[in-house]
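Good morning, colleagues. Please keep the sequence and the coordinates in view while I go through the fold, the helix packing and a few individual residues.

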Amino acid sequence: MEAIRKQATKLREQVARQQQAVLKQFGAGGYGGSDNLVTDEAELHQHQKLEKLYISTRAGKHYQRDIVRGVEGYIVTGSKQVEIGTKLSEDSRKYGAENTCTSGSTLSRAALNYGRACAHMEKERGNLFKALGTQVAEPLRAMVMGAPLEDARHLAQHYDRMRQEAEAQAIEVSKRQAKVRETVGNIENISKLEAAEAKLQDLKLNMAILGKEAAAAMAAVEAQQQRLTLQRLITLVEAERTYHQRVLQILDQLEGEMVSERQRIEAPPSPIMDNTMPPSPSYEEVNGIYASETNNGTTDSMGYFLGEVVHPYQAESDVELNLSIGDYIVVRKVTNSGWAEGECKGRAGWFSFGYVERRERVLASKVAEVF
């Protein structure tokens with residue numbers, strides 16, 4: 001439709017220019033002339049300006065409508081995501097509160113933390129949708145349906161109809177001028193020509209006034225469209241940015257809590273320290289006359305074995321050994337108190353058994369370091 005409208009406008013302007021050329025060529029006797037033409041320089045400029053304003057405001061209106069539809073669609077689909085996220089949050093918190101796992105409560109705490117964070121994120125999403133609806137969609141919808149735009153467009157359309165009427169009247173004036181030339185001195189034809197010219201002048205005067213009013217109204221609407229649409233776009237971007245920043249903060253905190261929990265359960269157990277000094281070994285214990293006792297009080301039928309130091313230990317008395325990670329030690333006996341006696345690097349003494357792990361196979365080079 002827009003292409004047809006543009007083509008019709010161009011055709012009308014072309015016809016008016018042709019009429020002007022014909023009247024300039026054949027006009028005579030003081031009647032007619034360029035003053036009777038509708039499409040003079042000023043009027044043509046006014047018409048082209050209105051045409052551009054009409055196209056611009058229509059495109060602005062369509063873009064505002066597109067933004068409103070996009071925001072509304074985003075809110076509708078996002079509301080379903082809020083429902084899903086809220087349900088997941090409730091399920092996570094329920095599991096965390098009711099979990100009866102016998103091996104620990106690590107997952108329960110993680111589920112509670114996730115459920116709480118998920119609820120906060122969905123609340124932020126709801127705030128985003130509320131801001132988009134009230135601060136973006138509603139103002140744009142009000143302008144799309146508002147009176148200023150419609151009133152300005154009605155003025156422009158009224159001007160266009162008046163212009164068409166003036167063009168038709170200009171053609172009528174041309175015909176009357178031709179008859180006056182054909183019937184020189186005919187009072188009736190001269191009277192009719194004068195009446196037609198007077199009507200054309202009235203139309204041109206009204207058309208010029210209406211054209212200025214329509215152009216001013218359309219220009220004001222265009223400026224308001226540009227300003228308001230830009231403001232709403234900025235508001236949309238700021239709302240989106242605020243939402244994502246807050247969600248990122250929530251996720252950062254949640255990740256820190258979960259990673260800390262994972263590190264806690266994956267960390268090697270700390271050795272159990274006994275601050276009491278072990279009793280001085282008896283002669284029989286030092287010389288290995290009796291079999292070693294294990295931590296549970298039973299007799300270790302395997303006798304001596306090799307252990308690898310997995311935690312460093314600093315001796316606090318002359319009867320204890322200094323141990324470094326990676327050292328190998330011959331464990332000769334283990335007491336119920338958690339202390340063990342053995343030999344490392346040619347020196348015998350006591351140490352906490354929790355600092356070593358039993359090894360079945362050891363490199364020959366490592367065995368040489370023990371003695």
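Along the sequence, the order of elements is α-α-α-α-α-α-β-β-β-β-β-α. This is a predicted model, and its protein has seven helices and five strands.

Let me give the overall figures next. The protein has 371 residues, of which 36% count as buried. The exposed surface comes to about 22,400 Å², and carbon and sulfur atoms supply 55% of that area. Among contacts with a separation of 6 or more, 72% are accounted for by residues 24 or more positions apart.

I turn now to the helix packing. Two packed helices are described by the angle between their axes and the distance between the axes.

Helix H2 covers residues 41-98, and helix H3 covers residues 106-144. H2 and H3 pack at an angle of about 160°, and their axes are 8 Å apart. Angles over 145 degrees count as roughly antiparallel, and H2 and H3 are therefore roughly antiparallel to each other. The crossing of H2 past H3 is left-handed.

H2 also meets helix H4, residues 147-182. Here the axes come within 11 Å and cross at roughly 145°. H2 passes H4, too, in a left-handed crossing. Which residues form this contact between H2 and H4? On the H2 side they include Glu43, Leu44, His47, Leu50, Tyr54 and Arg58. On the H4 side, Leu149, Glu150, Arg153, Ala156, Tyr159 and Arg163 are among them.

The next pair is H4 with helix H5, which spans residues 187-266. The axes of H4 and H5 come within 7 Å, with a crossing of roughly 160°. That makes H4 roughly antiparallel to H5. In this pair as well, H4 passes H5 in a left-handed crossing.

I would now like to return to H2 and H3 at the level of single residues. Arg93 is found in H2, and Leu112 is found in H3. Is Arg93 buried, exposed or partly exposed? At a relative accessibility of 36%, Arg93 counts as partly exposed. Leu112 is likewise partly exposed, because its relative accessible area is 32% and the partly exposed class lies between 20% and 50%.

What does Arg93 touch, leaving aside its neighbours within four places in sequence? Arg93 is in contact with Ala111, Leu112, Gly115, Arg116 and Ala119. Ala111 lies 18 residues from Arg93 in sequence, and the two C-alpha atoms are 6.1 Å apart in space.

Seen from the other helix, Leu112 touches Ser92, Arg93, Gly96 and Ala97, again not counting residues up to four places away in sequence. Leu112 and Ser92 are 20 residues apart in sequence, with 6.2 Å from C-alpha to C-alpha. The contact between Arg93 and Leu112 thus appears in the list for Arg93 and in the list for Leu112.

My last topic is the cysteines. A disulfide is a covalent bond between the sulfur atoms of two cysteines. How many disulfides are counted here? With sulfur atoms required to lie within 2.5 Å of each other, the count comes to zero. Cys118 is buried, with a relative accessible area of 3%. Cys344 is buried as well, at 6%. Both values fall under the 20% limit, which is why these cysteines are classed as buried.

I am glad to take questions.

Definitions and conventions. Residues numbered from 1 in each chain as written. Predicted model: local features only at pLDDT ≥ 70, side-chain atom pairs only at ≥ 80, totals over all residues. Heavy atoms only, no water. Helix = DSSP H or I, 4+ residues; strand = E, 2+ residues; numbered from the N terminus. Buried < 20%, exposed > 50% of the residue type's maximum accessible area, 1.4 Å probe, protein only. Contact = heavy atoms within 4.5 Å. Areas by Shrake-Rupley, 256 points an atom, 1.4 Å probe, with all protein chains shown as cover. Axes fitted to C-alpha atoms, helices over the stretch in contact; angles between N-to-C directions. Parallel < 35°, antiparallel > 145°, perpendicular 65-115°, else oblique. Left-handed = near helix turned anticlockwise from the far one by under 90°.
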